Amino acid sequence: CVHLGVENIHKVGAIGIPGYKWECKIVDENRNTVPQGEVGELAVKGPGVMICYYNNPKATDEVLDKDRWLYTGDMAMQDEDGFYYLVDRKKDVIIMGGENIYPVQIEDFLHAFEPVNDVAVIGLPDKRLGEIAAAIIQVKEGYTCTEEQINRYCRKLPRYKRPRKIIFAEVPRNPTGKIEKPKLREKYGAAFLVAAENEMNAESEMNK
């Protein structure tokens, strides 16, 4: 539904502007249009939009409204020239202490660190902040990397975007190359945090 002409090739990262007979808008949680330049959910409308989910009216109502707008679940923003940029998936957004954190932005940043082979950033539950950002980092073969090195590298990020937990492990991807974040949330969710905290407390008691 969007296109990016050759004359606008300088718009690196943009997915384009609405194509013929297509409309796009970016909305907040209440589906109100956000000001240009702000991040929100991308909604599209046009001749190719689906009619419904087969035999699933509830799922249909969640993504399609009466005016045939399809709410994609993608977080995006529109620049001053009308070009759209995808930021992240709505379900992957981490809300930490009221701040929205977009994992893809942190992942792209960490990918530039030489020892990092692959990385996934997910939200983990936190009693005080609601969620915290955790980075699962797969180190390149032949390299070593420590939590201190990652934290030092992340000082270039705004404080609220810095991962609060670093986990060195393999990053699972499906056959299409997409990170399997549900698996990571299941593996490193609340139960993992409690077990890690108990282990730290036990070590602390032993060292007294």
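In the predicted model, Arg162 touches Cys154, Arg155 and Leu157, leaving aside residues up to four places away in sequence. One of these neighbours also offers a polar partner. The backbone oxygen of Cys154 lies 3.4 Å from a polar atom of the Arg162 side chain. Arg162 sits in the loop between helix H3 (147–153) and strand E11 (165–168). Its relative accessible area is 22%, so Arg162 counts as partly exposed, the cut-off for buried being under 20%. Arg162 and Ala133 are separated by 29 residues in sequence, yet their C-alpha atoms are 7.4 Å apart in space.

The overall composition of the chain was examined next. The protein chain holds five helices and 11 strands. Of its 208 residues, 40% count as buried. Contacts between residues at least 6 apart in sequence were also considered; 53% of them join residues at least 24 apart.

Strand E11, which follows the Arg162 loop, belongs to an open sheet of three strands. The order is E9-E10-E11, and the pairing is mixed. Strand E9 (116–126) and E11 are the edge strands, each pairing on one side only. From one strand to the next, the twist averages 25 degrees. Strands of a sheet pair through backbone hydrogen bonds, in either the parallel or the antiparallel sense.

Both senses occur here. E9 pairs with strand E10 (residues 130–139) in the antiparallel sense, over 10 bridges. E10 and E11 run parallel and are joined by four bridges. The connection between E10 and E11 passes through H3, and this β-α-β crossover is right-handed. Ala134 takes part in both pairings. In E10, Ala134 stands opposite Ile122. In E11, the bridge partner of Ala134 is Lys165. A helix also packs on this sheet: H2 (residues 103–111) lies across E9 and E10. H2 runs at about 145 degrees to E9.

The nonpolar interior was then analysed. In soluble globular proteins, nonpolar side chains tend to be buried together. The largest nonpolar core in this model has 32 residues. Leu110, Ile136, Ile137, Ile150 and Tyr188 touch the most other members of that core. Two or more residues each come from strand E7 (94–96), H2, E9, E10, H3 and E11. The three strands of the open sheet are thus among the contributors to this core. Apart from it lies another core, of 11 residues. Its members include Cys24, Val49, Leu64 and Tyr84.

A charged residue was examined in another strand. Glu41 lies in strand E4 (residues 40–45). Is Glu41 buried or exposed? Glu41 is buried, because its relative accessible area is 7%, under the 20% cut-off. Leaving aside residues up to four places away in sequence, Glu41 touches Lys25, Ile26, Val27, Tyr71, Thr72, Gly73, Asp74, Met75 and Lys90. Lys90 also makes a polar contact with Glu41: their side chains are joined at 3.2 Å. Glu41 is therefore a buried residue by its relative accessible area of 7%, whereas Arg162, at 22%, is partly exposed.

Note on methods: Residues are numbered from 1 along each chain as its sequence is written. This is a predicted model: local features need pLDDT of at least 70, side-chain atom pairs count only at pLDDT 80 or more; totals for chains, interfaces and linings use all residues. Side-chain values use heavy atoms; hydrogens and water are left out. Buried means under 20% relative accessible area, exposed over 50%, partly exposed in between (1.4 Å probe, protein chains only). Contact means heavy atoms within 4.5 Å. A polar contact is a pair of N or O atoms within 3.5 Å; within protein, one must be able to donate a hydrogen and the other to accept it, and residues adjacent in sequence count only if both atoms are side-chain atoms. Two strands pair if DSSP finds at least two bridges between them. Axes are lines fitted to C-alpha atoms, for helices over the stretch in contact, and angles run from 0 to 180 degrees between N-to-C directions. A crossover is right-handed if, with the strands pointing away from the viewer, the path from the first strand over the helix to the second runs clockwise. A nonpolar core is a set of buried Ala, Val, Leu, Ile, Met, Phe, Trp, Tyr and Cys residues joined through side-chain atoms within 4.5 Å.
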